[in-house]
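Subject: Structure handover

Hi,

Here is the structure I promised to pass on to you. Have a look at it first, and then read on for what turned up in it.

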Amino acid sequence: MNMDGSLDLVGEPFAVIESDPGVFTTLIHKLGVSGLEVIELYSIEPCDTDRLNPYGLIFCYLCDTNSDSADAPSTDVELEDPDARSIWFANQLNDDACASLAILNVLLNCKGVQIGQDLEEFATDTHKMSSVSSVQRNSTYALYIQMRGLAFSNRASIREAQNSLARPADIRGALHALASSALESAKNKAKATSSPPAKRRKTSAASSSSRTKRKAASARADEKLDAYHYIGYVPAHGRVWELNGLRAAGPLDVGPIDSDGGMGSRAGWMDVVRPALQRRMQAVLQSGAEHIQYNLLAIVDDPYTSASDALEMLKRERVALERRLGDAFPDGWADKVDPTLLASAPSAFSTALRPDGRGPGRVYAPDFGARKMERDMAVLDMPVRRLAPAWDVCVRAALEAKVAVEEEIEKSCRAQADHVRRTFDYEPFIREFITSLEHEGLLDDALKGETASGPSAKTKRK
């Protein structure tokens with residue numbers, strides 16, 4: 001086997017992952033992306049989305065295998081829009097790979113995002129590749145070129161990142177589906193090359209068996225249609241694009257962005273994408289489902305990094321203020337400030353991840369040093385009479401910032417706990433437990449709802 005994961009041309013299939021914001025956040029972090037978080041949107045109204053200013057959206061909905069291909073333009077049509085040609089886009093070639101593909105279709109079109117070394121190399125390697133299925137026809141055959149989709153499918157790091165978030169049962173299901181597909185293909189090939197069998201008279205048993213097989217095949221077909229699909233929406237080059245990996249014609253231009261922020265601005269793009277999302281949601285609701293079968297995820301700035309930077313800035317401001325207070329009041333300045341805040345100060349600047357409230361911690365914003373220098377200059381120019389009130393304001397702000405940081409830490413802990421429960425393989429324990437019940441002679445009673453001591457509680461109540 002090739003030890004270089006980037007050249008692994010065989011690998012495992014992609015497994016299904018849950019459409020959960022914690023799962024997608026972990027996925028982008030495993031892919032090397034930093035400074036971003038995936039959250040779920042419950043409303044697309046301006047009051048709920050404008051404050052978030054998302055980089056892109058991921059729409060997950062229940063679809064059938066023909067829903068997207070039926071609306072797709074012919075693959076004979078070349079992309080004449082120069083803006084569409086500048087969009088990074090790849091078609092989906094693997095089953096159940098739409099989650100990672102939707103993420104990449106969005107992230108590789110975002111400006112000012114730290115996508116990590118692996119994805120940067122992937123984007124560079126695939127920059128000049130064909131993004132969609134271009135058909136070249138002659139008198140004998142049709143040649144399909146789909147290089148970015150192939151590069152995505154063969155990228156072991158992407159496949160491993162997605163499969164690490166799948167349930168063990170889903171991974172086994174993907175392997176089983178791959179094996180079944182290979183066996184079915186081998187059977188069809190052998191049937192096509194073999195001579196036709198001799199005709200036999202049909203019997204009632206044979207007819208019944210044939211009907212059973214047809215029903216089973218029909219049930220399997222219906223099961224395949226019941227699948228979820230992910231598509232992305234992203235602002236790029238002054239327009240909003242719908243990036244659907246099943247759309248053979250490539251990116252779909254949703255509309256221009258009416259903004260004064262330039263070609264790379266994200267301001268106002270939600271007003272453009274909102275009608276397209278509403279049409280998608282309405283189409284899903286009109287499908288007759290008894291429950292909502294879609295959800296919307298947004299890629300936004302990681303709130304932990306901004307909250308942590310705010311606390312770190314206040315920590316450094318506190319040091320500068322206390323240095324000025326020490327110079328201004330050599331005999332002590334503790335009586336100049338609020339005694340309650342003075343007692344709270346040691347814990348106001350510490351968190352679960354950084355228990356040292358005095359020492360400097362990690363910062364994330366690239367302009368943090370420049371903003372700190374401006375704040376230090378403001379403290380140096382501050383009159384002595386304003387130093388103590390400024391210290392009180394600094395500690396109060398630190399108490400609020402600490403709450404925001406601790407909330408993000410707690411959210412990450414919950415997401416990690418959910419990840420462990422989701423990816424833990426319970427099947428060996430369940431198998432061993434049932435086997436032990438059988439060996440002890442308790443399995444039949446358990447299946448009948450009875451215990452070893454007698455009838456079940458329901459029988460006793462009677």
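Which residue in strand 5 does Cys60 stand opposite? Before the answer, please keep in mind that this is a predicted model. The partner of Cys60 is Tyr230 in strand 5.

That contact belongs to the pairing of strand 2 with strand 5 (residues 227-236), which is antiparallel and runs over 7 bridges. Strand 2 also pairs with strand 8 (residues 294-301), again in the antiparallel sense, through 6 bridges. There, Tyr61 sits opposite Tyr294 of strand 8. Strand 2 itself covers residues 56-63, and 7 of its 8 residues are buried, so the rest of the structure largely encloses it. As a reminder, side chains in a regular strand alternate between the two faces of the sheet.

Now to the aromatic rings. Searching the whole structure gives 9 aromatic pairs. In one of them, Phe424 and Tyr426 have ring centres 4.9 Å apart and planes at 70 degrees; because that angle is over 60 degrees, the pair is edge-to-face. Phe424 has a relative accessibility of 48% and so counts as partly exposed, and Tyr426, at 40%, also counts as partly exposed.

Phe429 and Phe433 make a stacked pair, with 6.0 Å from centre to centre and 20 degrees between the planes. Both residues lie in helix 16 (residues 427-439), 4 residues apart, which is about one turn of the helix. Phe429 counts as exposed because its relative accessibility is 56%, and the cut-off for exposed is over 50%. Phe433, at 46%, counts as partly exposed.

The rings also bring us back to the strands: Phe59, Tyr61 and Tyr294 are linked into a cluster by ring pairs.

Finally, the empty space. Over the whole structure, the search finds 3 cavities of 30 Å³ or more. The volume of the largest cavity is about 60 Å³. Its lining consists of Tyr304, Ser308, Leu311, Glu312, Lys315, Phe349, Thr351, Arg354 and Val405. Helix 12 (residues 303-328) supplies the largest share of that lining, with 5 residues. Sorted by class, the lining of the largest cavity has 4 nonpolar, 3 charged and 2 polar residues.

If you open the model, you could start with Cys60 and Tyr230, which stand opposite each other, and then turn to the cluster of Phe59, Tyr61 and Tyr294.

Enjoy looking around, and write back whenever you like.

Best wishes

Key
Residues numbered from 1 in each chain as written. Predicted model: local features only at pLDDT ≥ 70, side-chain atom pairs only at ≥ 80, totals over all residues. Heavy atoms only, no water. 1 Å grid on protein atoms, 1.4 Å probe; cavity = no way out; pocket = protein on both sides within 12 Å on 5 of 7 lines; lining within 4 Å. Points joined across faces, edges and corners; volume = space filled by probe spheres on them. Helix = DSSP H or I, 4+ residues; strand = E, 2+ residues; numbered from the N terminus. Nonpolar A, V, L, I, M, F, W, Y, C, P; charged D, E, K, R; others polar. Phe/Tyr/Trp six-rings, centres within 6.5 Å; stacked < 30°, edge-to-face > 60°. Buried < 20%, exposed > 50% of the residue type's maximum accessible area, 1.4 Å probe, protein only. Pairing = 2+ DSSP bridges.
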